[in-house]
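Colleague: Could you take me on a close look at one part of this model, the helix and what packs around it? I would love one connected account rather than a list.

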Amino acid sequence: MPRGQILTRAWDDDPARQYFIRVPIAARPGAPVFVGVHGISRNGNEVASMFSSHCDRVGAVLGATYFLQ
């Protein structure tokens with residue numbers, strides 16, 4: 001998986017269930033995972049962008065939800 005980029009992914013069986021993922025450049029095996037959940041505004045991409053620098057500092061993989069329904 002590319003590192004240092006926010007990628008948009010979807011579940012294979014349900015494209016409406018999307019999420020954003022970002023692996024920091026310096027991530028190591030067993031890195032912690034930070035999960036951001038958007039609110040009613042469905043701004044998963046903003047949540048991912050907002051917490052990217054924090055995840056870089058602590059070496060965490062970032063996942064952020066984006067539910068269309």
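Modeller: Happy to; here is the setting, followed by the helix, its core and a patch on the surface.

This is a predicted model, in which local features need pLDDT of at least 70 and side-chain atom pairs count only at pLDDT 80 or more, while totals for chains, interfaces and linings use all residues. Residues are numbered from 1 along each chain as its sequence is written, and side-chain values use heavy atoms, with hydrogens and water left out.

The protein chain holds 1 helix and 4 strands, in the order β-β-β-α-β along the sequence. Helices (H or I, at least four residues) and strands (E, at least two) are DSSP runs, numbered from the N terminus. Of the 69 residues, 32% are buried; buried means under 20% relative accessible area and exposed over 50%, with partly exposed in between (1.4 Å probe, protein chains only).

Now to the helix itself. Helix 1 spans residues 44-58 and contains Ser 52. Ser 52 counts as buried because its relative accessibility is 9%. A polar atom of the Ser 52 side chain lies 2.7 Å from the backbone oxygen of Ala 48. Beyond its neighbours within four places in sequence, Ser 52 is in contact (heavy atoms within 4.5 Å) with Ile 6, Arg 22 and Leu 62.

Ala 48 and Leu 62 also belong to the largest nonpolar core, which has 7 residues in all and is completed by Phe 20, Val 47, Cys 55, Ala 60 and Ala 64. Helix 1 and strand 4 (61-67) each supply at least two residues of this core, and the largest share, 3 residues, comes from helix 1. A nonpolar core here is a set of buried Ala, Val, Leu, Ile, Met, Phe, Trp, Tyr and Cys residues joined through side-chain atoms within 4.5 Å. In soluble globular proteins, nonpolar side chains tend to be buried together.

One core member, Ala 60, is in contact with Arg 22, Pro 24, Pro 32, Phe 34 and Cys 55, leaving aside its neighbours within four places in sequence. A second, separate core has 5 residues, among them Ile 21, Val 23, Ala 27 and Val 61.

For contrast, let us turn to the outside. Val 35 sits in strand 3 (residues 33-36) and counts as exposed because its relative accessibility is 53%.

Terms used:
Polar contact = N/O pair within 3.5 Å; in protein donor to acceptor, adjacent residues only side chain to side chain.
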